[in-house]
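Work through the following exercises with the sequence and the coordinates at hand. Each task is followed by a solution in steps.

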Amino acid sequence: MTLPDLPAARRRPDSALDDLTVVFRGMTAHPDEYNCDCHWGSAEELARLKVADLELDLDLLHRTWQAPDWTDKAAVLRRILPQLASTLVTGRVAETYSDMETIGRAFAFGAWREWPAGQSAAVEEFLGAWWSHTLTDPDPVVPAHDVLVLVTEATGTVRPWLDAWEAHRFPAADAHLAAAADHWDHDLLGDRLPWSAWENEEELCADLTAWLVRHASDRLRDSGAPEDLLHRIRLLGVTGPDRWDDPHWPDYFYWRLRQEP
């Protein structure tokens, strides 16, 4: 979406959620699926996952996507996906649980890209629709930097999501960029990814840093971001002692950077 259409971007999640409901209607966990009743939940709760289209309470939904040890992770994800997607878009998950990387990993562990074409396309459209809507919403129920974590972990790459952010030239997207940069800069200035990635952490950190250095400064300046934030983003492009010896270094302290060789 090179030139995003604002009304379309805001309507798109509703259509994506409808598609998920249709595509995954009738899905259940495998009949032989099992989980520990001491640590995960009761046999009655497990039985609910083997009944199609039965709404789960939020606690059970949370325990289901959070559990890493399902035998058939793909079947479990397909069972809960329409409801999980709805709770993400409406913010009901974020109100109680803020671990976006774990939810993203649930998508990844379900290997959704390997599903039949119609199923994988529905998931891809949902992730893209939610991301586009978040960028155009002045007050999204889940902050843009948190949504980015989830979609990145779900897909294993940050690049297409940053490309979409670059294409979304709306005031709301610029405001989200300023908030995200302010949220991320402490970790990125220490050469750390601002969340715990399942894999490719160094690559993700390098991609995010390079994108901010290349695209963020002019955009933030044009949108009236504070000068100190602009300097922090500029410093992401500076390496070694020149970074923390810069007169605009924000006085962050990282032991591993300052320790003696």
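**Exercise 1. Decide whether helix 7 is largely enclosed by the rest of the structure or not, and check its length.**

Solution. The model is a predicted one. Step 1: count the residues of helix 7 under 20% relative accessible area, the cut-off for buried. The count is 14 of the 20 residues, so helix 7 is largely enclosed by the rest of the structure. Step 2: helix 7 runs over residues 117–136, and at 1.5 Å a residue its 20 residues should span 28 Å. Step 3: the end C-alpha atoms of helix 7 are 28 Å apart, which agrees with that expectation.

**Exercise 2. Describe the surroundings of L135.**

Solution. Step 1: place the residue; L135 belongs to helix 7. Step 2: its relative accessible area is 0%, so L135 is buried. Step 3: set aside the neighbours within four places in sequence; the contacts of L135 are then A164, W165, H168, A172, A173 and H176. Step 4: take a C-alpha to C-alpha distance; L135 and A175 are separated by 40 residues in sequence and by 9.1 Å in space.

**Exercise 3. Do the same for P194, and state whether it is buried or exposed.**

Solution. Step 1: P194 sits in the loop between helix 10 and helix 11. Step 2: its relative accessibility is 19%, and the cut-off for buried is under 20%. P194 therefore counts as buried. Step 3: beyond the neighbours within four places in sequence, P194 touches W184, D187, L188 and L208. Step 4: C205 lies 11 residues from P194 in sequence, with a C-alpha to C-alpha distance of 8.0 Å.

**Exercise 4. Which residues of helix 12 are buried, and which helices do they pack against?**

Solution. Step 1: helix 12 covers residues 227–235, and its buried residues are L229, L230, H231, R232, I233 and L235. Step 2: these buried residues pack against helix 10 (171–189), helix 11 (201–222) and helix 13 (241–244).

**Exercise 5. Locate D53 and A111, and give the phi of each.**

Solution. Step 1: D53 lies in the loop between helix 2 (43–48) and helix 3 (58–66). Its phi is near 65°, a positive value in a residue other than glycine. Step 2: A111 lies in the loop between helix 6 (100–109) and helix 7. A111 is not a glycine either, and its phi is positive at about 50°. Step 3: the relative accessible area of A111 is 27%, so A111 is partly exposed.

**Exercise 6. Characterise the protein as a whole, starting with how many helices and strands it has.**

Solution. Step 1: the protein has 14 helices and 0 strands. Its radius of gyration is 20 Å, close to the 18 Å that the globule rule gives for 261 residues, so the protein is as compact as a globular protein of that length. Step 2: along the principal axes, the C-alpha atoms fill a box of roughly 65 × 50 × 30 Å. Step 3: of the 261 residues, 52% are buried. Step 4: among contacts with a separation of 6 or more, 66% join residues 24 or more positions apart. Step 5: the exposed area is about 12800 Å², and carbon and sulfur atoms supply 51% of it. Step 6: the protein carries 24 positive and 46 negative charges, whose mean positions are 2 Å apart.

How values were computed. Residues numbered from 1 in each chain as written. Predicted model: local features only at pLDDT ≥ 70, side-chain atom pairs only at ≥ 80, totals over all residues. Heavy atoms only, no water. Helix = DSSP H or I, 4+ residues; strand = E, 2+ residues; numbered from the N terminus. Rg over C-alpha atoms; globule rule 2.2 N^0.38 Å. Buried < 20%, exposed > 50% of the residue type's maximum accessible area, 1.4 Å probe, protein only. Contact = heavy atoms within 4.5 Å. Areas by Shrake-Rupley, 256 points an atom, 1.4 Å probe, with all protein chains shown as cover. Lys, Arg positive; Asp, Glu negative; His and termini not counted. Charge placed at Lys NZ, Arg CZ, Asp CG, Glu CD. Expected span 1.5 Å × (residues − 1).
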